[in-house]
Amino acid sequence: MTMTLPEQRAAADTPPPPAVRPTRRRSPLTWLRGGGLANLVFVLPMLFVFVFFSWSPIVQSVIMSLQKTNLIVSEWVGFDNYLTVIGDPELGRAVLNTLWFAVLALLFGFPLPLLMAVLMSEVRRGKGIYSALAYLPVVIPPVVAVLLWKFFYSADPSGVFNTVLGWVGIPPQPWIQDAVQAMPSLVLEATWAGAGGSIIIYLAALLGVPPELYDAAEVDGAGIAKKVWHVTLPQLRGILFIMLILQVIATAQVFLEPFLFTGGGPAGATKTVLLYIYDKAFRNSLGGDYGEATAVSVLLAIVLAVLSWLYFRLTDRWSTT
């Protein structure tokens, strides 16, 4: 079949396909000529800092967890430290207290920043002022914040919170001096202290939601609640999954609040896993059992790593579809 004149011109103007070059196996000499040595010299300081300050303590902790040591005298005991702490009923209670703290923190501390961010995004004036006020608790040093709230939690009728409750006819509460109310009181302060950072993240994520989606929802007659449910939450699905796992990891490592508020009391009601580790290592003035303390730390790290892996495996499709 003969080609027409326009087809012949088009075929003549079409550039020939590039020749396929055979792949060459790179040798050390070609790597040096390509600047590989300079790149390695540039990366080495950062790699050294990362290995020395990140992986070296991890390896040393694993080794210490297999020893009976007070940092002066060490004895290799293998997995005896793990068997001892796993069989310790005090660790079991600390795990239950930590789980209770995590559940309360997720129920109150996870949806509250998202709700406040959505409400603040609807404000037309003074949005910067509200953002600064929401972030203010994050700026306050954590120790100062805890000591301030500890003063507010005074069980006396003249205490700050009890005085406010008295205005509405509620009797004084024992707060952190009661085994039942102590953990919710700690969660309340932790939510107040950490909500500001989450609010700023959610506000930044809300800026990426296309406005036309809200306009389309308004045309369909959707109110604020339906716009949040059908537009905002699906658009923030990825960041919500990330924030959730970060909060789970943070609540599993809670230490400051129970340590400064109650010291693990009353009657061990607020003793968490990290406070248990602290007691194992430092409560004895002559030197604690650092082997058992690091064994619990390694177990906690393994549990959080497995939990994070399972979480990302299960939510990979949900967060992207």
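Ala 155 sits in the loop between α8 and α9 (160-167) of this predicted model. Its relative accessibility is 23%, so Ala 155 counts as partly exposed, the class between under 20% (buried) and over 50% (exposed). Leaving out residues up to four places away in sequence, Ala 155 touches Asn 162, Pro 172, Gln 173, Pro 174 and Gln 177. For Gln 177, 22 residues apart from Ala 155 along the chain, the separation of the C-alpha atoms is 7.3 Å.

**Overall architecture**

The protein comprises 16 helices and 2 strands. Of its 321 residues, 31% count as buried. Among contacts with a separation of 6 or more, 63% are accounted for by residues 24 or more positions apart. The accessible surface amounts to about 20,900 Å², and carbon and sulfur atoms hold 70% of that area.

**Pockets**

The two pockets with the greatest volumes are set side by side below.

| Pocket | Volume | Lining residues | Nonpolar / polar / charged |
|---|---|---|---|
| Largest | about 670 Å³ | 33 residues | 23 nonpolar, 8 polar, 2 charged |
| Second largest | about 470 Å³ | 19 residues | 10 nonpolar, 3 polar, 6 charged |

In the largest pocket, the lining residues nearest the centre are Ala 190, Ala 193, Gly 194, Ala 250 and Glu 257. Two or more lining residues come from each of α5 (89-109), α7 (127-139), α8 (142-152), α10 (182-206), α13 (237-252) and α14 (256-261). Helix α10 gives the most, with 11 residues.

Around the second largest pocket, the residues closest to the centre are Ser 121, Glu 122, Arg 124, Leu 206 and Tyr 214. At least two lining residues are supplied by each of α6 (111-121), α7, α10, α11 (211-219) and α12 (224-235). Helices α7 and α10 thus appear among the contributors to the largest pocket and also among those to the second largest.

**Nonpolar cores**

The largest nonpolar core contains 17 residues, and within it Tyr 202 and Leu 206 touch the most other members. The elements giving two or more residues to this core are α6, α10, α11 and α13. Which residues does Leu 206 touch, not counting residues up to four places away in sequence? They are Ala 117, Val 118, Ser 121, Tyr 214, Thr 232 and Leu 236. Leu 206 is therefore a member of the core as well as one of the residues closest to the centre of the second largest pocket, alongside Ser 121 and Tyr 214. A second, separate core has 15 residues, including Ile 176, Leu 186, Val 254 and Phe 261.**Helix α15 and Leu 275**

In helix α15 (residues 273-282), the buried residues are Val 273, Leu 275, Tyr 276, Ile 277, Asp 279 and Ala 281. These buried residues pack against α4 (80-86), α5, α14 and α16 (290-315). An α-helix has 3.6 residues a turn, so residues three or four places apart point the same way.

Leu 275 belongs to this helix. Is Leu 275 buried or exposed? With a relative accessible area of 0%, Leu 275 is buried, because this value falls under the 20% cut-off. When neighbours within four places in sequence are set aside, Leu 275 is in contact with Phe 255, Pro 258, Phe 259, Gly 263, Gly 264 and Thr 270. The C-alpha atoms of Leu 275 and Leu 256 are separated by 8.7 Å, the two residues being 19 residues apart along the chain.

**Backbone features in the loops**

Most residues other than glycine have a negative phi, and most peptide bonds are trans. Several residues in the loops of this model depart from that pattern.

The loop between α14 and α15 holds Pro 266. A cis peptide bond joins this proline to Gly 265, with omega of about -5 degrees. Ala 267 is located in the loop between α14 and α15 as well, and its phi is positive, near 55 degrees, in a residue other than glycine. Because its relative accessible area is 63%, a value over 50%, Ala 267 is classed as exposed.

Trp 175, in the loop between α9 and α10, has a positive phi of about 55 degrees although it is not a glycine. At 15% relative accessibility, which is under 20%, Trp 175 counts as buried. Of these two residues with positive phi, Trp 175 is thus buried, whereas Ala 267 is exposed.

Conventions: Residues are numbered from 1 along each chain as its sequence is written. This is a predicted model: local features need pLDDT of at least 70, side-chain atom pairs count only at pLDDT 80 or more; totals for chains, interfaces and linings use all residues. Side-chain values use heavy atoms; hydrogens and water are left out. On a 1 Å grid over the protein atoms alone, a cavity is a set of points where a 1.4 Å probe fits but cannot get out, and a pocket is an open set with protein on both sides within 12 Å along at least five of seven lines; lining residues have an atom within 4 Å of a point. Grid points are joined across faces, edges and corners, and a volume is the space filled by probe spheres set on the points. Helices (H or I, at least four residues) and strands (E, at least two) are DSSP runs, numbered from the N terminus. Ala, Val, Leu, Ile, Met, Phe, Trp, Tyr, Cys and Pro count as nonpolar, Asp, Glu, Lys and Arg as charged, and the others, Gly among them, as polar. A nonpolar core is a set of buried Ala, Val, Leu, Ile, Met, Phe, Trp, Tyr and Cys residues joined through side-chain atoms within 4.5 Å. Buried means under 20% relative accessible area, exposed over 50%, partly exposed in between (1.4 Å probe, protein chains only). Contact means heavy atoms within 4.5 Å. Accessible areas come from the Shrake-Rupley method with a 1.4 Å probe; for residues, only the protein chains shown count as cover.
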